[in-house]
Amino acid sequence: MLDDVEAVVLVGGKGTRLRPLTLSAPKPMLPTAGVPFLAHLLSRIRAAGVRRVVLGTSYLAETFSAYFGDGAALGLELRYVVEDQPLGTGGGIRNVAEHLTAADVLVFNGDVLCGTDLGAVVGTHRRTAADVTLHLVRVQDPRAYGCVPTDADGRVLDFLEKTDDPPTDQINAGCYVFRRSVIDTIPQGRPVSVERETFPGLLAAGARVSGHVDNAYWRDMGTPADLIHGSADLVRGVAPSAALPGPTGEVMLLEGAKIAEGALVFGGTTVGRGVQIGAGARIEGAMLFDGAAVDEGAIIEHAVIGAGARVGQGASVVDTVVGDRAVVGAQCELRGGLRLWPDVILPPHGVRFSPDV
Ligand code: GDD
Ligand code: MG
């Protein structure tokens with residue numbers, strides 16, 4: 001149990017890729033399998049035995065504190081530290097230093113859904129007497145991440161943030177163990193990127209930076225497509241969480257939701273509070289936020305339907321984000337990464353892909 005370790009969760013920066021679309025809430029508070037996304041990460045931290053967690057953010061701390069409070073309901077001691085201006089990942093860590101007392105500190109990117117054994121990551125850190133240990137995973141396309149080659153002893157050789165020509169498919173999973181004294185060496189009061197400045201600097205100075213590689217479930221929830229797939233993985237129990245509000249399965253049905261007979265809802269779909277689904281609708285792997293409505297015969301696949309939004313009769317919505325309160329008119333066809341802004345109303349037949357009608 002990691003009761004002698006503290007955790008820092010970074011939930012700041014831009015973080016806006018979904019914000020104008022669905023909600024006024026910051027991204028880590030987006031409902032994911034029935035609870036704010038951040039609740040899943042916090043539940044994993046608690047399950048590993050960590051109690052004290054500092055949330056380092058550059059915006060809207062009150063949205064987090066209004067929901068999580070002092071953390072007691074989760075078995076945590078939760079504190080919030082807000083940056084005056086976004087300080088970047090390294091600056092965000094440095095900014096919470098005065099709240100840390102443990103010798104080893106776990107740091108998390110707040111937008112990652114992960115099933116790794118945190119005890120094992122800390123174990124690697126201690127066994128190798130590292131200054132910093134990085135959790136690493138292998139992905140198909142490493143270009144959007146920090147590429148991190150290691151040697152046969154698991155020693156990190158290089159850190160290449162978002163490079164077009166990555167030398168390995170092994171990437172930074174966004175979970176680190178820092179020796180506390182290393183955090184104190186990060187410059188204070190200015191933006192610092194841990195990926196572009198701190199890690200390369202430590203390597204150049206000959207510090208011991210260890211990699212902990214495993215095959216755990218892992219997904220960065222930064223894009224709508226990843227959010228949708230990660231949410232479905234949570235609902236189906238593929239991604240581990242101790243914060244789910246109901247049993248795992250094909251559907252997570254929240255209070256007051258109603259699915260008409262003859263509708264088919266599956267693939268890890270979340271049906272939010274008070275959602276109404278009409279007869280003959282077919283919904284696969286989708287996120288339906290509270291109060292959304294899906295009319296008869298509509299088809300929804302791998303999409304987010306915002307709170308209070310409506311998908312009209314016979315409409316088809318695939319790989320799309322529909323903003324809060326927006327209306328997709330009957331027989332409309334939306335697909336291919338499209339994002340419909342909140343409150344926009346598409347009339348019946350207003351958008352089509354197929355040439356008929
Ligand atoms: N407090 C604070 N302040 N947090 C920040 C700031 C800031 O100024 N900027 C970013 N963050 C937080 C984000 O909220 C997110 O949780 C985390 O730091 C990482 O930022 P992203 O913007 O999501 O970065 P990324 O996904 O492109 O890349 C990072 O994550 C990858 C793994 O998911 C890097 O760490 C990559 O190296 C890594 O592979
Ligand atoms: Mg990210």
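Aspartate 220 is buried in this predicted model, with a relative accessible area of 18%. Aspartate 111, by contrast, counts as partly exposed because its relative accessibility is 21% and the limit for a buried residue is under 20%. The magnesium ion (ligand 2) is coordinated by both side chains, Asp111 (OD) and Asp220 (OD), at 2.0 to 2.3 Å. This pair links distant parts of the chain, the two aspartates being 109 residues apart.

| Residue | Location | Relative accessible area |
|---|---|---|
| Asp111 | loop between strand 6 and strand 7 (112-114) | 21%, partly exposed |
| Asp220 | strand 13 (residues 218-220) | 18%, buried |

Leaving aside residues up to four places away in sequence, aspartate 111 touches Lys27, Phe37, Arg219, Asp220, Met221 and Gly222. Glycine 146 lies 35 residues from aspartate 111 in sequence, and the C-alpha to C-alpha separation of the two is 15 Å.

The largest nonpolar core contains 29 residues, of which Val9, Leu38, Leu42, Ile45, Leu106 and Phe108 touch the most other members. Two or more residues each come from strand 1 (5-10), helix 2 (37-47), strand 4 (52-57), helix 3 (61-68), strand 6 (104-109), helix 5 (118-127) and strand 11 (170-179). Helix 2 makes the greatest contribution to this core, with 5 residues.

Valine 9 has contacts with Leu38, Leu41, Leu42, Ile45, Val53, Val54, Leu55, Gly56, Phe108 and Gly110, again not counting residues up to four places away in sequence. A second core, separate from the largest one, comprises 28 residues, among them Val8, Leu136, Phe178 and Val192.

Methods
Residues are numbered from 1 along each chain as its sequence is written. Chains are lettered from A and ligands numbered from 1 in the order in which they are written. This is a predicted model: local features need pLDDT of at least 70, side-chain atom pairs count only at pLDDT 80 or more; totals for chains, interfaces and linings use all residues. Side-chain values use heavy atoms; hydrogens and water are left out. A nonpolar core is a set of buried Ala, Val, Leu, Ile, Met, Phe, Trp, Tyr and Cys residues joined through side-chain atoms within 4.5 Å. Buried means under 20% relative accessible area, exposed over 50%, partly exposed in between (1.4 Å probe, protein chains only). Helices (H or I, at least four residues) and strands (E, at least two) are DSSP runs, numbered from the N terminus. Contact means heavy atoms within 4.5 Å. Donors are N, O and S atoms within 2.8 Å of the metal (3.2 Å for Na, K and Ca); water is not among the atoms, so sites may look incomplete.
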